[in-house]
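Subject: Structure handover

Hello,

Here is the structure I promised to pass on. Please open it alongside this note.

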Amino acid sequence: MGILADRLVVDLLGIVVALLAVAYVWIKWSYQYWEKRNVPYLPPAFLWGNILPPHKRTISFGEDVANIYKRAKDKGWKYLGIYALTSPVYMPLDLDIIKNIMSKDFNHFVDRGVYVNEKVEPISAHLFSIGGVKWRNLRTKFSPTFTSGKMKTMFQTVAKCGSILENYIRNEVDANKPLDIKSVLACYSTDIIGSCAFGLECNTFKEPDTPFRQFGDRVFNLNKFLVMKLTFANQFPDVARFLGMRILSKDIEQFFTKVVDDTIKYRERNNVVRHDFLQMCIDIKNDEEQSGDGTSLTLEEIVAQSFVFFIAGFETSSTTMTFTLYELAINPDIQEKVRNEIKTVLAKHDNQINYDALNELKYMGQVIDETLRKYPPVPFVTRKCVEDYKVPNSDLIIKKGIRVFIPIRGIHYDEDYYEASEVFDPERFSDENKQTRHPYAHIPFGEGPRICIGMRFGIMQTKVGLLSVLKNFRVSLNKKTSNPLKLSPTSFIPTTEGGIWLDLNKLN
Ligand code: HEM
């Protein structure tokens, strides 16, 4: 018996060693992909590739990818090959190549290449993640929801949330407290998106612990385990699907499904029609003639779309407002210039803000553009090649299945386009200065047919939020804010460690 057990242990050890040897050889072999194709590359770290996992990294995802961009650009490369874990990823640096991939030759790069498992996790099959025909059909259906005309109909909801924000700050200022501005703006964004995407009055300022906010926080506060899971699923989607992997826990999906289901039933029972994203989904669902390939919507599909409007709209917009107020706090002259513009525009409109007046806030628009350059909420975007693609003016063929990373943050800090790129300077976005740059040198909303569908909504919400704060309060930096800012290594969307704390003083 003893000898048999010993032999079993030896055999098992042998198998483990053999498997490890095979894995080692396979990983080494995978890392030859770009070399074999004569594509310049930076040496990958064994197993992790070029992008280190959060527990090995001291900087944020965005900064990590931007560093790769800079190292490659300094070598004079127009593109390079990198590895995400062991899978090869093509990273273009040249803006014309980027333009071809995102726009001109988009048909080769329709998909995003992120993990979707509709069967196990229906909420993952949303506009941001899905690809192919289903994405095209959904995008066509949803595009009319985001036109300027539709923004106007949603403006009042946003403006109402702006007034709530203003009142909240007024009370806090009376109590003489510094504000963790990101959490304040997160409440404002939650109220807006809760109302427009789910038809809910969230009252987040009064009840900061509403389930809606709690579930939202759980989606965004990725722990290291979740980041690893996500990274693995994106790299090996077939294995992840085979294992039936889901990314979010089931109760999050159940919560959002119940909210949408209850609201739809309520509206249908009471003949309530509202001008919001959810109504658009309901209208598409009720269009009986359509078939199930993305031209019609089931309840689960509506939940997925409402969910993506929430996750794509909430954190991006509050991050933009947070960093704008931070920069205005440390650049008082620019702050004063924005405030003067607000006063002038409001005076023209009887002190009543409306959608058209927002468009007249031109300098504020420049300030937002500069914030989105320095702190792009989405620091890089992905595409997946769906049909072999020959890169123009080169011998390189990007094979079907290869993913592409567009290094937004890297481009935004490139000194070839932005001299003294660390300096916050809204003049970079004057009409005159914009014309001197390649249009793809500033792409915080992405570009091409997959450009952010909510861009207008995001800008509207950001402008209303800034206006509500700046017309009433002077903003300065509280010493609780760490200097210099340190971005968290775990969150994809830039988030500062320790928060951004501001003092707000009432204006006379
Ligand atoms: C300042 C605010 C925002 C920023 C910076 C931002 C940025 C982005 C970026 C970079 C992309 C990827 C584009 C690409 O791959 O080319 C994207 C996609 C998307 N965004 Fe936004 N976004 C913002 C606000 C919003 C809002 C408010 C919504 C919805 C209400 C939204 C919904 C979406 C959706 C659904 C997609 C996927 C589009 C598709 O794949 O067809 N975003 N966003």
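Below are the basics, then the ligand, a pocket and two database annotations.

The basics. This is a predicted model, so local features need pLDDT of at least 70 and side-chain atom pairs count only at pLDDT 80 or more, while totals for chains, interfaces and linings use all residues. Residues are numbered from 1 along each chain as its sequence is written, and side-chain values use heavy atoms, leaving out hydrogens and water.

The ligand. It is surrounded by 29 residues (a residue is near if one of its heavy atoms lies within 4 Å). Closest are Arg-112, Trp-135, Arg-139, Arg-383 and Cys-452. The shell holds 17 nonpolar, 7 polar and 5 charged residues. Here Ala, Val, Leu, Ile, Met, Phe, Trp, Tyr, Cys and Pro count as nonpolar, Asp, Glu, Lys and Arg as charged, and the others, Gly among them, as polar.

Which elements supply the shell? At least two residues each come from helix 5 (132-142), helix 13 (299-330), strand 4 (381-384) and helix 19. Helix 13 gives the most, with 6 residues. Helices (H or I, at least four residues) and strands (E, at least two) are DSSP runs, numbered from the N terminus.

Now the polar contacts (pairs of N or O atoms within 3.5 Å). A ligand oxygen atom is 2.8 Å from a side-chain N or O atom of Arg-112. For the side chain of Trp-135, the distance from a ligand oxygen atom to an N or O atom is also 2.8 Å. At Leu-127 the partner is a polar backbone atom, 3.4 Å from an oxygen atom of the ligand.

Cys-452. UniProt (unreviewed entry) marks a "binding site" here; such annotations may be inferred rather than shown by experiment. Cys-452 sits in the loop between helix 18 and helix 19. Why is Cys-452 counted as partly exposed? Because its relative accessibility is 32%, and partly exposed lies between buried (under 20%) and exposed (over 50%), with a 1.4 Å probe and protein chains only.

The second largest pocket. It is lined by 30 residues, and Gly-365, Asp-369, Lys-434, Phe-445 and Ile-459 lie nearest its centre. Two or more lining residues come from each of helix 15 (355-359), helix 16 (362-374), helix 18 (431-435) and helix 19 (455-470). Helix 16 has the largest share, 6 residues. (A pocket is an open set of points on a 1 Å grid over the protein atoms alone, where a 1.4 Å probe fits, with protein on both sides within 12 Å along at least five of seven lines; lining residues have an atom within 4 Å of a point.)

The other annotation. UniProt (unreviewed entry) gives residues 12-31 as a "transmembrane region". That stretch is 95% helix and 0% strand, with end C-alpha atoms 29 Å apart.

Best wishes

Key
Polar contact = N/O pair within 3.5 Å; in protein donor to acceptor, adjacent residues only side chain to side chain.
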